[in-house]
Amino acid sequence: MERLWGLLHRTQRLSPRPSQTIYKRVEGTQQWRLEEEEEDGEEGAEPPIHFCPMELRGPDLGSRAGKQNLGLWAATARRAAPYLVLTTLLIFTGAFLLGYVAFRGSCQACGDDVLVVSEDINYEPGPDSHQGTLYWSDLQAMFLRFLGEGHLEDTIRQTSLRKRVAGSAGMAALAQDIRVALLGQKLDHVWMDTHYVGLQFPDPAHPNTLHWVEAAGKLGEPLQLEDHDVYCPYSATGNATGELVYAHYGRPEDLQDLRARGVEPAGRLLLVRLGEISFAQKVASAQDFGARGVLIYPDSADFSQDPHKLGLSSHRAVYGHVHLGTGDPYTPGFPSFNQTQFPPVQSSGLPNIPAQPISADIASLLLRKLQGPVAPQEWQGHLPVSPYRLGPGPGLHLGVNNHRVSTPISNIFGCIEGRSEPDHYVVIGAQRDAWGPGAAKSAVGTAILLELVRTFSSMVSNGFRPRRSLLFISWDGGDFGSVGSTEWLEGYLSVLHLKAVVYVSLDNAVLGDDKFQAKTSPLLISLIENILKQVDSPNHSGQTLYEQVMFNNHSWDAEVIQPLPMDSSAYSFTAFAGVPAVEFSFMEDGQAYPFLHTKDDTYENLHRVLRGRLPAVAQAVAQLAGQLLIRLSHDHLLPLDFGRYGDVVLKHIGSLNEFSGDLKARGLTLQWVYSARGDYIRAAEKLRKEIYSSEESDERLMRMYNVRIMRSWTDSAHRPARLERPLRQAPQSDETDREG
C-alpha cells in the first residue's frame, strides 16, 4: 500500500495538468438582519463556495530535461493504473451499499401524503434546552396553556383609550411602550424602523365646507358638517360646484345605470352610499365618469335592522382615505427613509376631484331636494326620505382644504430567530394607529399581537425553538392605506421577495361573532382547513370552527375563503412582494360592523355588539393565528399546497372563455394559458414525487425543498405586482421580479 501511495504522489507531482483547490468559507456567529442574499441554483441553502485556482507545474516538455522525464512519467502511470481501478471499484461498491440502505429507510419513513405534515413530527431542541423531544401535540398544548394566561380584554380596552393617530405624540408614546414590552420578552432582536411619509390632515384654520348654491351662482346657506375632524385623506383639494345626483354605491355599474336612465353624472357632484367598494374605488369611478366631486354617507339600510343591536348614530360621518393604492402616494415605488431624495412623481391612484364624508342627517337634507326619476327599488335606503330620487337637484359647492404634512411613522419589530432556516421569515403583523378610538380597527389586532409575542416567548423559555424565524411587527400609518407596511416592503423588497414565507394579518380580526372569513392566497387554504378543525368555536359550544362553518354550507371554502381586499396590509405582501398572505375576520351575519372608522368604535360598543363575547372571539383568533404560526415555522417541510395553483388557473380560464371571441378578433388565444398551466402542474408533480422519496430528517434536503416550494409560488404569485406598479407609478425594474 505504501508503494501505491508513493506512486500516486509521484504521479500527481509530475502531472502537467493544472488543478483547483476548493475552499469553503465557514461563517462564525451570524448577526441577524434583513440583508439581500443570492441563492445559487434551486437549493439556495449553501454558503457561497470560493474557487481558488492553484497552478501545479509539471515538467516542461519543450526542454531536454522534460523529454528525458517523459518516459519515466508514462511508466509510473502504467504501474499505478491497476491499483487505481481496484480502489475506484471498492469506493463505488461501498457508496452503492450505503445509498441503498439510506434510500430504503427513507421510503419506509414516507407517509401517504408528504404535504400534510404528520401530527407526530418531532422537534429537536437546541443544546441549551433542558426539555425532551417536543411533538406537535406537546407544542399545541404548550401554546394553549401559555395563551390562556394572558389578558387580551384588558389590553384591548387600554389600547382603545389612547389617542394614536399616525404621527401624533400619543402614537409616539404608544410605540415606545410597545417597544419596551417587546424588550421585556425572550426575543432575539427588537428594533424600530422609521419612515418619513406624506400624510394628509384637515386644516383647523380652514375646515372643509359644503354650501347650497343660489340660482344666480352665488354661495348660499352652509350645511353644517357635524365633525370637521372627519375627512377623506388624499382627496384633491380645492372647490367643486355642480348639481347633485344620487349614485347608489358609486360602482361603475351604478354610474352606467344612472346614465342609462337619462341622468348624466358628468359635471355634477355625486351622493353615494358607504359600502360594497372602498372610498378610493368610489371616487375613482366618479372621476372616470366625469363627476366633479363626491359626498359619501352611511345609510342605515346597510347596517343591522335588529332593534336589539346597536346602530350608527345619524349624525356620525365615516372616515376613509381615497388613494387607490397602498403606501405613501408621494413616493411611489420608493421607501420613504429620512434624507432620501425622490423624483417629483405622485401615485396615479391619487384622485383629481375632491371628496368628503357626510352624516346620514345631512344626506337626508340633500335627498329631499333631489328631483328627476325615482331611483330603482334596490337603490332605496332607510333614511327618512321616500322615495329616493336620482336627481339632479339644486347646486352645491364643496370646499376641501386638507393639507399635506411630512410625518414620521414607526414600525416596531420583534424576532425569534429560527434554528435551521433563520433566513426564512414567517411574518405576523397588526396595525397600531387609529383615526378614532379604533377598538375593532386596530386595538384588537394589537392586543392579539402582543399576546402572541408573550406566548411564543414563554414557549422559547420552555424549550421551543422554531426552524424558521418568527417576525412580529406593529405597523404605523395603516389608516392612510397600509403606509407603514408598504414602505417597509418597498425598502426590503428584494430580500422579502425571496425570504418571507407567509404574512399573517391581524387587522379587522373581530368585527362580530356570527361568521368567520379568511381572506387569503390559494396556497394556504388546505392549512387553514386543518387548523380550523383544531380551534373551538367561540359561540357554539362543543363545536370546532370547521364544524361551525360547515353547518350551513357543505362547501366550507365557499363559505370562508375570500380574496384579499386592497385596504389590507396583507394585500401589499401578495400584490407587491409576491408573498402568500392571510387575514382572519369574525363578522356579523349579513351586516357590517357599524362603528368601523368612526369615533364610536370604542371598546364599550364593540363589547356590546358581541354581547359580552369579545374575549372569547379574540382568543379564538389568537389560537388560530398561533397554531398557524407553529405549523409554518416548525414543520420540516412547509405545509403549503403548491399544487393548488393549477386548479385556480383553470377556474380563471373558465371565466375568460366567454371573451374568447373578442380575444380571437384581436389575434389572441388562451392556448398559452393552458400550456403554462400544464407546465406548472407537471413541475409541481415532479417536486411532489421528489419529496415523497426523500428523508424528512435531512435538514439540508428539507431546506432545499422549501426553497423550491417558495419559488413555485413566487414565480406565479408575484406576477400581480406588475398590475400594481402602474397604479403606484413604481419604476419598472428587473430586481423586483423573482426569478426561479
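**Reading the features of a predicted model**

Student: How should accessibility be read here: is N508 buried or exposed?

Tutor: A residue counts as buried when its relative accessibility is under 20%. N508 has a value of 13%, so N508 is classed as buried. Please bear in mind that this is a predicted model.

Student: Where does N508 lie, and what is notable about its phi?

Tutor: Most residues other than glycine have a negative phi. N508, which is not a glycine, has a positive phi near 55°. N508 belongs to the loop that links strand 16 with strand 17 (510-511).

Student: Which loop holds R611, and is R611 buried, partly exposed or exposed?

Tutor: R611 sits in the loop between helix 16 (603-609) and helix 17 (614-634). Its relative accessibility is 43%, so R611 is counted as partly exposed. R611 also has a positive phi, about 55°, without being a glycine.

Student: How many residues of strand 16 are buried?

Tutor: The same kind of value can be read along a whole element. In strand 16 (residues 500-505), six of the six residues are buried, so the strand is largely enclosed by the rest of the structure.

Student: Which strands pair with strand 16, and in what sense?

Tutor: Pairing is read from the bridges between strands. Strand 14 (residues 421-431) runs parallel to strand 16, with five bridges between them, and Y425 is placed opposite A500 of strand 16. Strand 20 (residues 581-587) is also parallel to strand 16, to which three bridges join it. There, S505 faces E583 of strand 20.

Student: At roughly what angle do helix 4 and helix 9 cross?

Tutor: A helix pair is described by the distance and the angle between the axes. Helix 4 (residues 152-160) and helix 9 (residues 439-461) have axes that come within 8 Å and cross at roughly 135°. The two helices are therefore oblique to each other, and the crossing is right-handed.

Student: Which residues meet in this contact?

Tutor: From helix 4, L152, T155, I156, T159 and S160 take part; from helix 9, they meet A439, A443, V444, A447, I448, L450 and E451. By type, the contact residues comprise eight nonpolar, three polar and one charged.

Student: Where are cis peptide bonds found?

Tutor: Most peptide bonds are trans. In this model, a cis bond links S386 to P387, with omega about -10°. Another cis bond links G391 to P392, with omega about 10°. P387 is in the loop between helix 8 (360-369) and strand 12 (395-400), and P392 likewise lies between helix 8 and strand 12.

Note on methods. Residues are numbered from 1 along each chain as its sequence is written. This is a predicted model: local features need pLDDT of at least 70, side-chain atom pairs count only at pLDDT 80 or more; totals for chains, interfaces and linings use all residues. Side-chain values use heavy atoms; hydrogens and water are left out. Buried means under 20% relative accessible area, exposed over 50%, partly exposed in between (1.4 Å probe, protein chains only). Helices (H or I, at least four residues) and strands (E, at least two) are DSSP runs, numbered from the N terminus. Two strands pair if DSSP finds at least two bridges between them. Axes are lines fitted to C-alpha atoms, for helices over the stretch in contact, and angles run from 0 to 180 degrees between N-to-C directions. Angles under 35 degrees count as roughly parallel, over 145 as roughly antiparallel, 65 to 115 as roughly perpendicular and the rest as oblique. A crossing is left-handed if the near helix is turned anticlockwise from the far one by less than a right angle, and right-handed if clockwise. Contact means heavy atoms within 4.5 Å. Ala, Val, Leu, Ile, Met, Phe, Trp, Tyr, Cys and Pro count as nonpolar, Asp, Glu, Lys and Arg as charged, and the others, Gly among them, as polar.
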